[in-house]
Amino acid sequence: MPPHAEEHAGARIAHARKVRRLTQRELADLSHVSYSTLTKVEQGIMPASPSVIGAVARALSVPVTELTGQPYLEELRQDQFDALINPIREALNVYDLGPDPDVTPRPVEELEEHAERLCAMVRATNIKQVAADLPGLLHEATTTVHTNPVDRNWRLLASTYRTAYDVTTKLGFPDLCSVALDRMDWAAQRASDPLLGGMRQYLRALAYLRASDYKTGKRLIGLGMSALEQAETGRVLDVVTGQLHLGAAVLAGRDKDRDTAEAHLGEASRIAERTGPAEKVHWLSFGPTNVGVHRVSVLAELDLYPEAVHEAQRITTPDGWPASRLAHHHAEVARALMWTGRTDAAFRSLLKARKLAPQQTRYHPTVRETYAGLEAAKRRMPDTFSNYGAWLGV
């Protein structure tokens, strides 16, 4: 995205509206977004919340990414990420070609260890290194499973596809995210692993959340719960079930259904009391802390920003909690603080997100929209605010 001030979601909404030859009043009626909100968003006076972007995208029949500007190609080139995307795409495309005669895989134990390292690196937000390592691992795992198609090898391949989903999601490539999820399903079915199947539906529901298709997202959560009925009881099942409830809570919050969101949060909280901290179980970051940060996220999705800020103040994250999840939390808190008028505190929260996870934060659409909202008050912001904008490329 070019570093021009007019490149914010509101400007993209205005452009897409004019292409459709709609007035602001007509788009407001179609999207069920208030006329006042829409005009302020288009002018850049008010940031576009995820729910507003989603409602407008549905009304205009355009992808959400058209309004958020993803992927941020200029920044990807600057950070030398662009050259890492196509090898991932190519590795995802050879899933059904059988063993590659030019690939000599390492022993499966080494491949499993490598896959676990990449999962840990994603949580540590070392996205660039993961993106560089992933294609080679995908090729090795694919050849391994075609040479010896046992459940263990299929689970390994499903794990690598899940990492491909993580990377492509964080870098803003929804098309590749969808391909990775399809490949994960293909491998999970052959592994006969209902836990992987349930996780895949959870991740797919999140993809539909980002696409603002809440109805389909909720249906996918239901399918995920159904898949888990075939799994063995125990802590791992509890963790995946709890994470599905958290995903359902955010979907309900974005859809402005507080009662349903609270019900799912309550169930996730009860499960977390049993599991305790379980951040490394399938690398879902589940546990009491994750329930707390999801409660903040849900309150923000419900536009209950003062309550979100209050809830965030009650959370104490343990040492070593996953940087990717904590940085995302700081971005959510920054948005809530901005809407309550606490601009200095909001910017400090953005700075925390950057310090924890610079590669992730730079490509996070919520960060960019929050920054756009703070820009209207930049006369009261510190000098470092402009430097942050230059880093984002806005």
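These are my notebook entries on what I looked up in this predicted model.

**Entry 1: confidence**

I started with how far the predictor trusts its own work. The mean pLDDT of the protein chain is 93, and 97% of its residues reach 70 or more. Among the elements, helix 15 (residues 258-275) has the highest mean pLDDT, at 98, while helix 22 (residues 384-392) has the lowest, at 83. I also checked the start of the chain: over residues 1-5 the pLDDT is below 50. That stretch still has twelve contacts in the model beyond near neighbours in sequence, and I'm noting them with a question mark.

**Entry 2: the cores**

Next I went looking for the greasy parts. In soluble globular proteins, nonpolar side chains tend to be buried together. The largest nonpolar core here has 78 residues. Which of its members touch the most other members? I found Leu92, Leu157, Tyr161, Leu171 and Met184. Helix 14 (residues 235-254) gives this core its largest share, ten residues.

I zoomed in on Met184. Leaving out residues up to four places away in sequence, Met184 touches Ala158, Tyr161, Arg162, Leu196, Met199, Arg200 and Leu203. Tyr161 was on my earlier list too, as one of the core members with the most touches.

There is also a second, separate core of 28 residues, and Leu326, Ala331, Leu337 and Leu350 are among them.

**Entry 3: Leu134**

I picked Leu134, which sits in helix 9 (residues 127-147). Is Leu134 buried or exposed? Its relative accessibility is 0%, and buried means under 20%, so Leu134 counts as buried. Setting aside residues up to four places away in sequence, I see Leu134 touching Ile88, Leu118, Thr160, Thr163 and Ala164. I also compared Leu134 with Arg354: they are 220 residues apart in sequence, and their C-alpha atoms are 24 Å apart in space.

**Entry 4: cysteines**

How many disulfides does a search of the whole structure find? Zero. I looked at Cys119 and Cys177 to see why. A disulfide needs sulfur atoms within 2.5 Å. For Cys119 the nearest cysteine sulfur is that of Cys177, 15 Å away, and Cys119 is in no disulfide. The lookup from the other end agrees: the nearest cysteine sulfur to Cys177 is that of Cys119, at 15 Å. Cys119 counts as buried because its relative accessibility is 2%. Cys177 is buried as well, with a relative accessible area of 4%.

**Entry 5: three serines**

Ser297 lies in helix 16 (residues 288-301). With a relative accessible area of 6%, Ser297 is buried. Apart from neighbours within four places in sequence, Ser297 is in contact with Val250 and Glu332.

The other two serines caught my eye for their backbone angles. Ser212 has a phi near 65 degrees, a positive value in a residue other than glycine. Ser212 is in the loop between helix 12 (194-210) and helix 13 (214-228), and at 3% relative accessibility Ser212 counts as buried.

Ser285 has a positive phi too, about 60 degrees, and is not a glycine either. I found Ser285 in the loop between helix 15 and helix 16. Its relative accessible area is 4%, so Ser285 is buried.

**Entry 6: a cis bond**

Last lookup of the day. Which two residues does a cis peptide bond join? They are Gln70 and Pro71, with omega at about -10 degrees. Pro71 has its place in the loop between helix 5 (64-68) and helix 6 (73-78).

How values were computed
Residues numbered from 1 in each chain as written. Predicted model: local features only at pLDDT ≥ 70, side-chain atom pairs only at ≥ 80, totals over all residues. Heavy atoms only, no water. pLDDT = per-residue confidence, 0-100. Helix = DSSP H or I, 4+ residues; strand = E, 2+ residues; numbered from the N terminus. Contact = heavy atoms within 4.5 Å. Core = buried A, V, L, I, M, F, W, Y, C linked by side-chain atoms within 4.5 Å. Buried < 20%, exposed > 50% of the residue type's maximum accessible area, 1.4 Å probe, protein only.
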